[in-house]
Amino acid sequence: MRATETERRRIERDLHDGTQQRLVSIAMTLGLVESKLAKDRPAIGPILHEARDALALALEELRELTQGIRPAILVERGLAAALDDLGRRAALPVQLHVAISGRLSENVEAAAYYVASEALTNAVKHSHGSEVRLAASCDGAMLEVEVADDGIGGAGDGGGSGLRGLADRVEALGGRITVSSPAGRGTTLRAEIPCG
Amino acid sequence: MRVVVADDAVILREGLARLLEEAGFEVVGLAADADELYALVERCRPDVAIVDIRMPPTHTDEGLQAAKLIRSRWPETGILVLSQHVQARYAVELLSTGTERVGYLLKDRVSDLAELSASIRRIGEGAPVLDPSVVAQLVGQRRKGDNALEDLTERELEVLALMAEGRSNKAIGARLFITEHTVEKHVKNIFGTLRLPQSTDDHRRVLAVVRFLNSQ
């Protein structure tokens, strides 16, 4: 599991520092060409525009790709900010209660983030609820993340295949995930991950 | 207008410098990290510093921290933060240190030299500039049911977005092909509907709008 996270990190850095930068550099060159030539050679304008549009699309796609591998906000600001961001972007209203100060280890941050993200996605897709509570706290030894919706409950054991993979990941860090989903009383997912 | 460029990637730093010179800016220095940037700003006192958000040593948000420090220590220097990913929260943080001479744009915008240089000039002249995608993010976050944005018309939402980008009534009017007077009426309605304090100051209203959009 640790190797996977290191690998993700490497891929994200390679894309950010390599491919993305090269594309931006090409964008600059195009900008320069346009500035030098477009006035005297108006026929070039539409062609350059086409190239620029294609490049903008490539950068956009790359951004989404790196976002999926390792969200920029998690890299740049850590778990508390990334969870806040997740809550704000969710398709359901999210009550956020995040009490984490400073940075945790990269593996712990990533595991907790993906657990919260998957649980939120499940709540939006399957719970038929109207609101989600996302709580995360760290007392220095144990990180606790809880995602609770007010939906129909009755989620099967483990709460789906996406979560199974994440449970493995959390267990590899010495933690565990529990899901409680009584029919009619919402679903609560709880992850505990050692962070000392 | 005198500018400096800070980016740890040589190809981007030098590429941007070449581009800006082409657009008529005087590039007075290049920096590879925040410390070099501070020294450069102290020595050259540029009109605008253009700063990549990720720089050594941690490659996280050094550029943003540098921007905040420059704003407090050399307030007469404008700042444009460039990023490969746009985060609305960074824009909010940047604006919370003051809305004058500050901008936050997606790095991709360098391909449109005319728009980029217009943005830098606006910052140098004291205005705030925000990437349209920041505004789209903020508006997207807000549109989840019971909030005041629902009470705005489509046209008012368009005006709101352009306002948040830092554009003046005149520029908004030109963009939407309506008169400045009509823009003023829309702005008045928007501020009334959102219960924001009225402000005729373009800079301060950017902050008001962004704060509103960011609140939950």
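Mentor: Ground rule for starters: two residues touch if their C-beta atoms, placed from the backbone, lie within 7 Å of each other. We're looking at a predicted model, where local features need pLDDT of at least 70, side-chain atom pairs count only at pLDDT 80 or more, and totals for chains, interfaces and linings use all residues. Residues are numbered from 1 along each chain as its sequence is written, while chains are lettered from A and ligands numbered from 1 in the order in which they are written.

Trainee: OK, the sheet in chain A: what is the order of its five strands?

Mentor: Strands and helices here are DSSP runs numbered from the N terminus (E, at least two residues; H or I, at least four), and two strands pair if DSSP finds at least two bridges between them. The sheet of chain A is open, with mixed pairing. E1 (94-99) and E4 (176-180) of chain A have a single partner strand each, so one side of each lacks a neighbour in the sheet. Reading across, the order is E1-E2-E3-E5-E4.

Trainee: Which residue in E5(A) stands opposite Leu143(A)?

Mentor: Look at E3 (142-149) and E5 (188-194) of chain A, which pair in the antiparallel sense over seven bridges. Opposite Leu143(A) you'll find Ile193(A).

Trainee: At about what angle does H4(A) run to E1(A)?

Mentor: Axes are lines fitted to C-alpha atoms, for helices over the stretch in contact, with angles from 0 to 180 degrees between N-to-C directions. H5(A) packs on the sheet too, touching E2, E3, E4 and E5 of chain A, and its direction makes about 10° with that of E3(A). H4(A) lies across E1 and E2 (132-138) of chain A, and its angle to E1(A) is about 175°.

Trainee: And how are H4(A) and H5(A) oriented to each other?

Mentor: H4 (79-89) and H5 (106-126) of chain A pack at about 15°, their axes 10 Å apart. The crossing is right-handed (near helix turned clockwise from the far one by less than a right angle; anticlockwise is left-handed). Angles under 35 degrees count as roughly parallel, over 145 as roughly antiparallel, 65 to 115 as roughly perpendicular and the rest as oblique. That makes the pair roughly parallel.

Trainee: Which helix supplies the largest share of the side of chain A that touches chain B?

Mentor: In total, 26 residues of chain A contact 25 residues of chain B. H1 (2-37), H2 (44-69), H3 (72-77) and H4 of chain A each supply at least two residues of that side. The largest share, twelve residues, comes from H1(A).

Trainee: Over to chain B: where H7(B) meets H10(B), how many nonpolar residues are in the contact?

Mentor: The axes of H7 (154-164) and H10 (202-214) of chain B come within 8 Å and cross at roughly 115°, in a left-handed crossing. Among the residues involved are Leu160(B) and Met163(B) of H7(B), plus Val206(B) and Leu213(B) of H10(B). Ala, Val, Leu, Ile, Met, Phe, Trp, Tyr, Cys and Pro count as nonpolar, Asp, Glu, Lys and Arg as charged, and the others, Gly among them, as polar. There is one charged residue and no polar one, and the nonpolar count is seven.

Trainee: Last one: is Glu100(B) buried or exposed?

Mentor: Glu100(B) sits in the loop between H4 (88-96) and E5 (102-106) of chain B, and touches Gly126(B) and His203(B), leaving aside residues up to four places away in sequence. A residue is buried with 20 or more other C-beta atoms within 10 Å of its own, exposed with 12 or fewer, and partly exposed in between. Glu100(B) has 17 within 10 Å, so call this residue partly exposed.
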